[in-house]
Amino acid sequence: MFGLGVNKLGSIRTAPFSPQALFSTGDSGVWLDVSDVSSLFQNSDGTVAAVVGQPVGYVGDKSGNGNNAIQATSARRPVLREADGLYYLEFDGSGGLQVASLDLTATDELTHFTGHRKIGTGNSVLLEHSANAVTTNGTFSVSAPQNDTNKYLVAATGTVRSSNNVNAEEYNEPFTGVLTVTADIVGDLLVGRINGTEVFNDTGDMGTGNFADEPLNIGGRNSGATLQFTGYVYQLIVVGRIASSNEILETERYVARKTGVNL
């Protein structure tokens with residue numbers, strides 16, 4: 001629920017939107033907010049405050065679900081950077097982060113948002129729920145890009161995998177974007193938006209069942225062991241339901257501001 005305040009002239013104003021509102025009813029998910037440097041730490045046990053120019057081994061989850069992202073192997077940690085007042089994690093193609101257990105077993109729906117910049121042209125994983133989402137039911141994934149043929153490959157799976165390729169040259173690397181995906185297994189729906197524009201709307205069969213309890217890998221498969229992403233991550237949000245149209249618009253605006261994208 002949005003709070004209301006009164007300005008000096010006595011008119012009503014709405015408090016700034018925060019993605020925390022997506023989780024106000026206790027929905028499962030995760031919010032990794034790189035712009036909040038106080039939630040970042042150099043060590044994977046959540047010690048030693050993060051500083052610009054140094055690797056980050058722990059990103060605290062601000063959703064309230066305790067789904068912190070870590071990297072125990074120091075050589076695989078992204079580096080905290082800042083440019084033009086924006087903070088981001090730089091992935092150099094050698095590692096990634098992992099949420100050990102993203103439990104979405106209570107829902108067959110989800111919405112996820114990423115604010116990112118993709119630079120590398122090789123096949124890479126931006127997000128992957130499980131060690132291999134291609135072969136694991138109840139999961140989702142984003143390749144950015146996939147072999148530089150598909151500028152993005154977005155997928156979600158019940159007992160049947162649904163995927164969409166985004167091939168338009170306007171999304172060629174290097175590219176900075178806000179990617180929004182909604183998925184509904186039972187409703188057979190997979191919708192993608194890039195920088196506020198719908199780029200696919202698929203109603204193909206996704207089978208049955210809910211999403212699974214699997215690790216969430218960020219910036220590479222299996223905690224960055226393979227298919228490493230080259231680029232920046234500014235924001236990551238996953239919520240275990242279909243967000244409303246207004247919530248999607250508000251969240252996209254928030255993520256865009258933190259990513260340096262004009263919608």
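The charged end of K62 sits over the ring of W31, at 4.6 Å from the centre of that ring. This placement, like every other feature reported here, is taken from a predicted model. A second contact of this kind involves K118, whose charged end lies over the ring of Y152 at a distance of 4.7 Å from the ring centre.

Contacts between aromatic rings were examined next, and the structure holds eight aromatic pairs. One of these is formed by F41 and Y58, which meet edge-to-face with 5.6 Å from centre to centre and 75° between the planes. Because F41 belongs to strand β4 (residues 40-41) and Y58 to strand β5 (residues 58-59), this pair ties together parts that are 17 residues apart in sequence. With respect to accessibility, F41 counts as partly exposed at 21%, whereas Y58 has a relative accessible area of 17% and is therefore buried, the limit for that class being under 20%.

Y152, the residue whose ring lies beneath the charged end of K118, also takes part in a ring pair, with F175 as its partner. The centres of the rings of Y152 and F175 are 6.4 Å apart and their planes stand at 80°, so this pair is edge-to-face. Since Y152 is located in strand β13 and F175 in strand β15, the contact joins parts that are 23 residues apart in sequence. Y152 is buried at 1% relative accessibility, and F175 is likewise buried, with a relative accessible area of 11%. In addition, ring pairs link Y88, Y232 and Y234 into a cluster.

Several features of the backbone were found in loops. A cis peptide bond, with omega of about 0°, joins A144 and P145, and P145 is placed in the loop between β12 (140-143) and β13 (152-157). Another cis peptide bond runs from E173 to P174, with omega near -5°; P174 lies in the loop between β14 (161-166) and β15 (175-184).

Positive phi values were found in the loop between β18 (213-218) and β19 (230-239), where S223 is located. S223 is not a glycine, yet its phi is positive at about 60°, and this residue is buried, with a relative accessible area of 13%. L227, also a residue other than glycine, has a positive phi near 50° and is found in the loop between β18 and β19. In contrast to the buried S223, L227 is partly exposed, with a relative accessible area of 25%.

Technical notes. Residues numbered from 1 in each chain as written. Predicted model: local features only at pLDDT ≥ 70, side-chain atom pairs only at ≥ 80, totals over all residues. Heavy atoms only, no water. Helix = DSSP H or I, 4+ residues; strand = E, 2+ residues; numbered from the N terminus. Buried < 20%, exposed > 50% of the residue type's maximum accessible area, 1.4 Å probe, protein only. Phe/Tyr/Trp six-rings, centres within 6.5 Å; stacked < 30°, edge-to-face > 60°. Lys NZ or Arg CZ within 6 Å of the ring centre and 35° of its normal.
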